[in-house]
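Reader: Hi! I am in my first year and still learning how to read a protein model. Could you take a close look at one part with me?

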Amino acid sequence: MRMNALKAFLGWAALGCVIAVPIGVAATSPLLQWRDPVYIASGFAGIIAMVLLVVQPLLVGGYLPGVPRRSGRTLHRWTGALLVMAVVLHVAGLWRTSPPDMIDALLFVSPTPFSPWGVAAMWAIFAAALLAVFRLRASLRLRTWRLGHSGLVIAAVVASVVHALLIEGTMGTLSKVLLCGVVIAAIAKVLFDLRAWKTLTRPRG
């Protein structure tokens, strides 16, 4: 019993550190001194979106201590909605700060190397969320849905990680690399455990 309690404590503590460190580093960054409040809020929305990319696979895989997989998958839907909201706020804030730059980014003509990756991540996240909603409202086969959703999630994670790593922003290099590494590890773990790719080889019934 004590060992289980210790494992649960360490698990939540580790997740808390993964969440708190990047946010704390960003909150104390000197780069915020001359920034517009809308721009600052937009940046933190982006950081929260990255944090939610860690939480999402942990919920669906049932890895969070004290959260059964069934409950975790229900929470997964709610945190997915929060993820979409965070992305919308991130993009809206950047649009409010500099519409021409956002137009260039959305048209994939921005000179900044991180912009196209951010736009690709945004559309992948939106598509994954829409596919989840579509499955609830239509008779989409589980195999088809799982393969499509997993593919979009992989695209979103890869694009988000590249986008974050290319930005020289408030998170700082070490905390940013830590967060991105945990995001990749979390999604790789759940995809391996749930064997999403086996839908390609499973015989049709």
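Reader: Why are D193 and K189 separated by about one helical turn in helix α7?

Author: Happy to walk through it with you! Keep in mind from the start that this is a predicted model. Helix α7 covers residues 173-194, and D193 and K189 are 4 residues apart in that helix, so about one helical turn lies between them. Their side chains meet in a salt bridge, with 3.1 Å from N to O. That falls inside the cut-off, because a salt bridge needs a side-chain nitrogen of Lys or Arg within 4 Å of a carboxyl oxygen of Asp or Glu. By this rule the count comes to 1 salt bridge, so the pair you picked is a good one to know.

Next, look at how much of each partner the surroundings leave uncovered. D193 has a relative accessibility of 30%, so D193 counts as partly exposed. K189 has a relative accessible area of 43%, and therefore K189 is partly exposed too. Both values can be placed with one simple scale, because buried means under 20% and exposed means over 50%, with partly exposed in between.

Now stay in the helix and find another lysine. K176 also has its place in helix α7. With a relative accessible area of 8%, K176 is under the 20% limit and is therefore buried. You can also relate K176 to a residue from far back in the sequence: Q33 is 143 residues apart from K176 along the chain, and their C-alpha atoms are separated by 20 Å.

It helps to step back and see where this helix sits in the whole chain. The chain has 7 helices and 0 strands, and reading along the sequence gives the pattern α-α-α-α-α-α-α. The C-alpha atoms fill a box of roughly 55 × 45 × 25 Å along the principal axes. A compact globule of 205 residues would have a radius of gyration near 17 Å, and the chain has 18 Å, so the two agree. Of those 205 residues, 35% count as buried.

Let us compare the lysine with a buried residue elsewhere. M122 is found in helix α5, and its relative accessibility is 7%, so M122 counts as buried. The C-alpha atoms of M122 and V87 are separated by 6.8 Å, although these residues are 35 residues apart along the chain.

Helix α5 also takes part in a charged region at the surface. R135 lies in this helix, which spans residues 115-137. Together with R69, R73 and R77, R135 forms a positive surface patch. Helix α3, residues 69-97, gives the most to that patch, with 3 residues. R135 has 33% relative accessibility, so R135 counts as partly exposed. That is enough for a patch, because patch residues need over 30% relative accessible area and no salt bridge.

Follow helix α3 onward and you meet L94. At 23% relative accessibility, L94 counts as partly exposed, since 23% lies between the two limits. The C-alpha atoms of L94 and I40 are separated by 9.4 Å, with their positions 54 residues apart along the chain.

The surface has a nonpolar patch as well. M3, L6, F9 and L10 form this patch, and together they have about 440 Å² of accessible area. L10 lies in helix α1, residues 2-27. Its relative accessible area is 48%, so L10 is partly exposed.

One backbone detail is worth finding on your screen before you finish. F108 has a positive phi of about 60° although F108 is not a glycine. You will find F108 in the loop between α4, residues 99-106, and α5.

To return to your question, D193 and K189 are about one helical turn apart because they are 4 residues apart in helix α7, and their side chains meet in a salt bridge.

Methods: Residues are numbered from 1 along each chain as its sequence is written. This is a predicted model: local features need pLDDT of at least 70, side-chain atom pairs count only at pLDDT 80 or more; totals for chains, interfaces and linings use all residues. Side-chain values use heavy atoms; hydrogens and water are left out. Patches are made of residues with over 30% relative accessible area and no salt bridge: like charges are joined within 9 Å, nonpolar side chains (Val, Leu, Ile, Met, Phe, Trp, Tyr) within 5 Å. Accessible areas come from the Shrake-Rupley method with a 1.4 Å probe; for residues, only the protein chains shown count as cover. Lys and Arg count as positive and Asp and Glu as negative; His and the chain ends are not counted. The place of a charge is taken as NZ of Lys, CZ of Arg, CG of Asp or CD of Glu. Helices (H or I, at least four residues) and strands (E, at least two) are DSSP runs, numbered from the N terminus. Buried means under 20% relative accessible area, exposed over 50%, partly exposed in between (1.4 Å probe, protein chains only). The radius of gyration is taken over C-alpha atoms; the globule rule is 2.2 Å times the number of residues to the power 0.38.
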